[in-house]
Amino acid sequence: MIAGSTLGSALTAATARLRAAGVDAPRRDARLLMAQAMGTDEAALLARSDRMLDRRQASAFAALVRRRGLREPLSHLIGRREFWSLNFAVGPAVLDPRPDSECLVEAALTAAPDRGAPMRVLDLGTGSGCLLLAVLSEYKAARGVGVDAEQAALDLARRNARGLGLSSRARFVLGDWGRRLRAPFDLVLCNPPYVRRADIAALE
């Protein structure tokens, strides 16, 4: 992608490159990467396909497309991932929130149907905090603790709690699962990694 290309032609070229690299949804990914490079959203891109890219935009877009072609996760490139209709910051320190993990939030809502209950929630291996924060968003009187063994993950979880306005009800603790936790909890969440070691090298 070079400066002076139109947005539309740059997207077409990026889509072809990502498709050749085996990316599952190359057109969608190209649009999201373009929006990231230009500091805008997808809707604005669709309305301005004839717009010319300047040197900075073309360079930023080319770098993002190159990294995506090398199978770096899209969410890491744009810095966010949606989970339970909430926007979460993500990065290399955590696993991506996955749509199929939303079934755990659904299970919690089924197990404890009183949304006004002042529950205490524990999330073991909290990562980005997506499970804990999604549950707290549904139970307005609940408070929770997220535990993780990685400080970088806890920093990101705290950032997500602030972004969602849940900092006052969520606490994040560095630790090894439930060791040294003394208070009783009404609801315990846990979604540990379940990837076989032999498969890790082939994953994004």
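Okay, let's start with helix 2, where the buried residues are Pro26, Asp29, Ala30, Leu32, Leu33, Met34, Ala35, Ala37 and Met38. Keep in mind that this is a predicted model.

So how far apart should the ends of helix 2 be? Helix 2 covers residues 26-38, which is 13 residues, and at 1.5 Å a residue it should span 18 Å. The C-alpha atoms at its ends are 18 Å apart, so the two agree. Right after helix 2 comes Gly39, and there phi turns positive, at about 65°.

Now, the partner. When two helices pack, people describe them by the angle between their axes and the distance between the axes. Here, helix 1, residues 7-20, packs against helix 2 at an angle of about 130°, and the axes are 8 Å apart. That angle makes helix 1 oblique to helix 2. As for the handedness, helix 1 and helix 2 have a right-handed crossing.

Who's touching whom? On the helix 1 side you've got Leu7, Ala10, Leu11, Thr12, Ala14, Thr15, Leu18 and Arg19. Helix 2 brings Pro26, Arg27, Asp29, Ala30, Arg31, Met34 and Met38. Sorted by class, that contact has 9 nonpolar, 2 polar and 4 charged residues.

One last stop: Ser5, in the segment before helix 1. Is Ser5 buried or exposed? Its relative accessible area is 18%, and the cut-off for buried is under 20%, so Ser5 counts as buried. And what does Ser5 contact, if we skip neighbours within four places in sequence? That would be Arg51, Met52 and Leu53.

Definitions and conventions. Residues numbered from 1 in each chain as written. Predicted model: local features only at pLDDT ≥ 70, side-chain atom pairs only at ≥ 80, totals over all residues. Heavy atoms only, no water. Helix = DSSP H or I, 4+ residues; strand = E, 2+ residues; numbered from the N terminus. Expected span 1.5 Å × (residues − 1). Buried < 20%, exposed > 50% of the residue type's maximum accessible area, 1.4 Å probe, protein only. Axes fitted to C-alpha atoms, helices over the stretch in contact; angles between N-to-C directions. Parallel < 35°, antiparallel > 145°, perpendicular 65-115°, else oblique. Left-handed = near helix turned anticlockwise from the far one by under 90°. Contact = heavy atoms within 4.5 Å. Nonpolar A, V, L, I, M, F, W, Y, C, P; charged D, E, K, R; others polar.
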